[in-house]
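Here are my notes on the model, set out as numbered points. Please read them alongside the coordinates.

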Amino acid sequence: MNNQQTTQGILSIAAVLCLLAGWFNLFSPEINVLLSRKVFYVLIGISFFLQAPMMTTKNFMYGMYAAAGLCIVGALFPLDWKISGIKTLGLLGGIILSFANRPNYRQ
């Protein structure tokens, strides 16, 4: 594992911890919302950004950069704006691209 993959793994774990903190209401309501609806998406977006250069094709790479951008930009919009939902679209797109990029090993 190289440093980029290690960093990406740490960011992903931190993002999941943010999401869990929001779900289980570990902090005040304002902090829970900030962690689960803002910080989570920013961390996932950065993780997608780090993953993009490792994609197998240029189309996947550009798609992953777009997914990262949607996550980060969507997280910066106020929660009551309908357009802030693009962060979820970015998350879904990044997850699909991650699975589509996996090599098919058959034994």
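1. Ile10, Ile13, Leu17 and Trp23 of helix H1 are exposed, on the other side from its buried residues. Keep in mind that this is a predicted model.

2. The buried set of H1 consists of Gln8, Leu11, Ala15, Cys18, Leu19, Ala21 and Gly22. Viewed down the axis of H1, these buried residues stay within an arc of 160 degrees, so they line one face of the helix. H2 is included in what covers them.

3. The length of H1 agrees with expectation, because its 21 residues (residues 3-23) should span 30 Å at 1.5 Å a residue and its end C-alpha atoms are 30 Å apart.

4. The N-terminal end of H1 is capped by Asn2, with a side-chain oxygen 3.0 Å from the backbone nitrogen of Gln4. After H1 comes Asn25, which has a positive phi, near 50 degrees.

5. Helix H2 covers residues 29-51; its 23 residues should span 33 Å at 1.5 Å a residue, and the 32 Å between its end C-alpha atoms agrees with this. H2 nevertheless bends by about 35 degrees at Val39.

6. An unreviewed UniProt entry places the feature "transmembrane region" at residues 6-27, 39-56 and 62-79. In the model, residues 6-27 are 82% helix and 0% strand, with end C-alpha atoms 28 Å apart. For residues 39-56 the end C-alpha atoms also lie 28 Å apart, and the span is 72% helix and 0% strand. Val39, where H2 bends, is also where the record starts one of these regions, residues 39-56.

Definitions and conventions:
Residues are numbered from 1 along each chain as its sequence is written. This is a predicted model: local features need pLDDT of at least 70, side-chain atom pairs count only at pLDDT 80 or more; totals for chains, interfaces and linings use all residues. Side-chain values use heavy atoms; hydrogens and water are left out. Helices (H or I, at least four residues) and strands (E, at least two) are DSSP runs, numbered from the N terminus. The expected span of a helix is 1.5 Å times one less than its number of residues. The bend at a residue is the angle between axes fitted to the seven residues ending there and the seven starting there. UniProt positions are given in the numbering used here, feature names are shortened, and annotations may be inferred rather than shown by experiment. Buried means under 20% relative accessible area, exposed over 50%, partly exposed in between (1.4 Å probe, protein chains only). The arc is that of the directions from the helix axis to the C-beta atoms. Contact means heavy atoms within 4.5 Å. A polar contact is a pair of N or O atoms within 3.5 Å; within protein, one must be able to donate a hydrogen and the other to accept it, and residues adjacent in sequence count only if both atoms are side-chain atoms.
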